[in-house]
Every structure is written in structure tokens, then in C-alpha cells.
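Biologist: I'm new to this one, so could you walk me through it? I'd like to hear how you back up each label you use.

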Amino acid sequence: MISRRQCLLSALAAGCAGSRPLLAQTKIDVGLAMPTLALQRWVIDGLALARSFNGMRLVSDLQFANNDVQTQIAQIDGMLGKGVRALIVTPIDGPALAPVLKKAADQKVAVISYDRLIRNSPHVDYYATFDNFGVGVLQGTEIVRRLKLGETAGPFYIELFGGSPDDNNAFFFYNGAMSVLKPYLDSGQLIVGSGQTGMDVVSTQAWNGVTARFRFEKILEKTYVKQRLHAVLAPNDGIAIELLQALKLKGYGTEGKPWPVVSGQDADVQSVRSIIRNEQSFTVFKDTRQLALAAASMAEALLTSKKPQVNDEKTYDNGVKTMRSLLLKPVVVDVANWREALVTSGYYKDYLFR
Ligand code: BGC
């Protein structure tokens with residue numbers, strides 16, 4: 001079911017996609033299958049992709065699937081019906097796309113996996129993403145730095161959260177963060193008060209912030225009555241914002257009970273505002289304009305029989321093959337550099353933060 005908001009957005013994107021109006025009979029070159037409108041970043045990604053294709057004089061069809069697997073399959077099927085020659089897909093559940101991607105392959109349609117890897121299908125040609133392990137490393141490193149674990153013996157209490165178990169990225173983020181945190185957990189300088197570690201326990205289905213918050217509230221009630229919590233590994237901003245709400249209700253953010261270090265990812269407007277208020281500690285910014293341009297250039301190359309640019313051919317195995325990938329660099333954004341990174345760079349307008 002596609003909401004009115006989605007239609008409007010798709011229409012807006014289509015408007016961006018060409019000086020020609022997107023009429024029913026217009027030839028569509030590229031299908032853009034994004035997961036949801038609910039998280040800001042996918043909207044920015046989608047529009048940036050459509051804009052890039054517009055600049056290349058290619059017509060794109062942008063659709064958001066409301067985080068629903070069947071909707072995404074139907075949307076991709078519909079794009080194939082419209083005769084697209086390439087697909088850029090951010091999967092909700094990669095393996096579930098296998099049959100529709102087989103159909104794409106049969107129709108000689110090139111498939112680019114966007115940001116998230118489509119697992120368990122041979123019919124994925126290229127992968128455009130950020131250094132996802134690197135995102136986790138940045139999150140872990142910032143937590144260690146802000147707790148001053150190099151200089152202070154601790155122990156400090158931390159709780160861990162992971163992304164959706166059906167999203168390959170979630171494991172890369174978690175493993176990246178744990179590669180930095182593990183030595184401190186092993187030495188006892190960091191303690192997970194709840195004892196809950198490992199993606200099988202800390203993951204959050206569909207990246208739903210409210211689900212993460214429920215788990216967190218139980219932990220806060222059980223483990224942190226007398227003990228203060230010092231850090232939270234939140235995998236993205238959507239989850240961080242919900243966890244901060246739970247912390248606030250437990251009296252954190254006051255002189256006697258300062259905010260713990262709380263990580264994030266995506267530089268969502270709400271989180272940037274929270275960072276400016278000194279609540280969320282930092283976020284990991286991935287300039288989705290760069291990713292959109294990189295993926296669009298890959299598609300353009302494939303459509304003109306050129307070789308797309310890649311910089312990694314070993315990190316990502318989708319279960320069937322090792323992907324030819326282009327990995328972009330994530331950066332930490334906090335109260336010191338948010339303006340330069342997000343406003344001066346043109347990613348956001350200044351008025352959003354006044
Ligand atoms: C993306 C993150 C995003 C998350 C939830 C991940 O695959 O890499 O940027 O926060 O999905 O949508």
C-alpha cells in the first residue's frame with residue numbers, strides 16, 4: 001500500500017528526474033527501490049539518486065517500500081514491467097528478493113546493491129556503500145575516547161544495541177564497534193551491566209527505535225537503579241533518539257546524572273539538534289549525496305557498456321559471490337564540527353538548526 005506522502009514524494013523525485021514530465025508512456029531507464037520514507041536518510045538518498053540521473057539525462061522511477069518486503073518485491077516487479085535497464089536497490093530483506101532478481105537477470109537488467117548488500121543472490125552486479133565496518137570502528141573509537149579509557153581505569157558501564165538482523169550492514173557496524181570495545185570489555189574497564197552482548201541478543205528488528213527502547217527500559221529498571229550508565233552503543237540515530245528519551249525519563253541529563261556517551265549514525269536532523277543540545281554525543285555522517293552519485297555513475301557506466309569504478313573486491317561476500325564494491329568514507333560529526341560538515345557542505349539548510 002503506497003501512502004499519499006509516498007506518491008507525492010515519488011512525483012517530486014520524478015519531477016527532479018527530468019525536464020520531461022513522467023508520463024505513463026515515458027521510457028524508464030532506472031528503477032530506484034528504497035526501503036522507507038520513515039528514516040530521513042533514505043529520502044535524501046532517493047532524491048539525490050533521482051537528481052543524479054536527471055543530470056545524466058536518464059529517467060528514473062523512485063519508490064519507497066514502507067519497510068515491507070512484499071511491497072518492495074512488487075515495486076521491483078513493476079519496474080521490470082516498465083522496461084528498466086538497471087535497478088538500484090536497498091533491500092529490506094535481501095534474500096527475499098532472489099526470485100525477482102532472477103527475473104531481472106533474465107531480462108538483462110543490471111542490478112546495483114545500494115548501501116545494504118543483497119545477500120544470497122547471484123544476480124547482483126555491483127555494490128555501492130560506505131565502509132560499514134569503519135562506521136562501527138568510528139562509533140567504538142569515539143566511545144573509548146570520550147570515556148577517556150586510555151587515561152582512566154574505570155570501570156565504566158555500557159549497554160550495546162545493534163541494527164536489524166536482516167540487514168547485512170548491522171553486523172558490520174556491530175563487529176566494527178566490538179573490534180574496538182572488546183579489549184576494554186575483556187580487561188573489565190568496560191562492563192555490560194545487563195550482560196547482553198552479541199547480535200543474537202542486541203539486534204533490533206527493522207531498526208525500530210521503539211523496540212530498542214523497550215529493551216533498554218527493562219535494562220535500566222533492572223540494572224541501573226543504583227549504578228549509573230556511562231555509555232550506549234546506539235547503531236543509528238533513529239535508535240539513539242529513542243534511547244535518549246528513556247534515559248531522560250530516568251533522570252539522566254542532569255548535574256547529578258550526566259548523559260552517558262551515546263553514539264549514532266546518519267546525521268538525522270533530530271539527532272543533530274540533540275548533539276547541539278549536548279545530549280547525543282556524536283553521529284557518524286555518511287554523505288549520501290556522494291553515495292547516490294557513485295551509484296548513479298555505476299548504473300550509467302553499465303548502461304553504456306563501460307566499466308564501473310570500484311575500490312574493493314574482497315570485503316563483501318553476499319553468500320554466493322564476492323562483490324565488486326565501491327566503499328565511501330564515513331566521518332564523525334559532533335558539536336564541534338556539525339556546522340562545517342552538514343551546513344557549510346550544503347547537506348542541510350541552516351534554518352533547520354536555528
Ligand atoms: C544504513 C543506515 C540506516 C539503517 C536503518 C542501514 O542499512 O546503512 O544508514 O540507519 O540501515 O535504515
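Biologist: What makes you say where the ligand lies relative to domain 1 and domain 2?

Modeller: Keep in mind that this is a predicted model. Domain 1 (4-124 + 287-329) and domain 2 (132-285) both give residues to the shell around the ligand, so the ligand lies between them. As for helices, α2 (40-55) and α6 (168-187) each supply at least two residues of that shell.

Biologist: Which residues come nearest to the ligand?

Modeller: Out of 13 residues around the ligand, the nearest are Arg 41, Asp 115, Arg 116, Asp 167 and Asp 266. By class, the shell has 6 charged, 3 polar and 4 nonpolar residues.

Biologist: Why is the pair between Asp 115 and the ligand called a polar contact?

Modeller: The cut-off is N or O atoms within 3.5 Å. A polar side-chain atom of Asp 115 sits 2.6 Å from a ligand oxygen, so the pair counts as a polar contact. Arg 116 has a polar side-chain atom 2.8 Å from an oxygen of the ligand, and for Asn 169 a side-chain N or O atom is 3.0 Å from a ligand oxygen. The protein buries 98% of the 310 Å² that the ligand exposes when taken alone.

Biologist: And what is noted about the peptide bond from Gly 154 to Pro 155?

Modeller: That bond is cis, with omega near 5°. Pro 155 belongs to the loop between α5 (132-146) and β6 (156-160).

Biologist: What is the phi of Arg 57?

Modeller: Phi there is near 60°, a positive value in a residue other than glycine. Arg 57 is in the loop between α2 and β2 (60-64).

Terms used. Residues are numbered from 1 along each chain as its sequence is written. This is a predicted model: local features need pLDDT of at least 70, side-chain atom pairs count only at pLDDT 80 or more; totals for chains, interfaces and linings use all residues. Side-chain values use heavy atoms; hydrogens and water are left out. A residue is near a molecule or strand if one of its heavy atoms lies within 4 Å of it. A polar contact is a pair of N or O atoms within 3.5 Å; within protein, one must be able to donate a hydrogen and the other to accept it, and residues adjacent in sequence count only if both atoms are side-chain atoms. Accessible areas come from the Shrake-Rupley method with a 1.4 Å probe; for residues, only the protein chains shown count as cover. Helices (H or I, at least four residues) and strands (E, at least two) are DSSP runs, numbered from the N terminus. Ala, Val, Leu, Ile, Met, Phe, Trp, Tyr, Cys and Pro count as nonpolar, Asp, Glu, Lys and Arg as charged, and the others, Gly among them, as polar. Domain bounds come from an automatic or database domain assignment.
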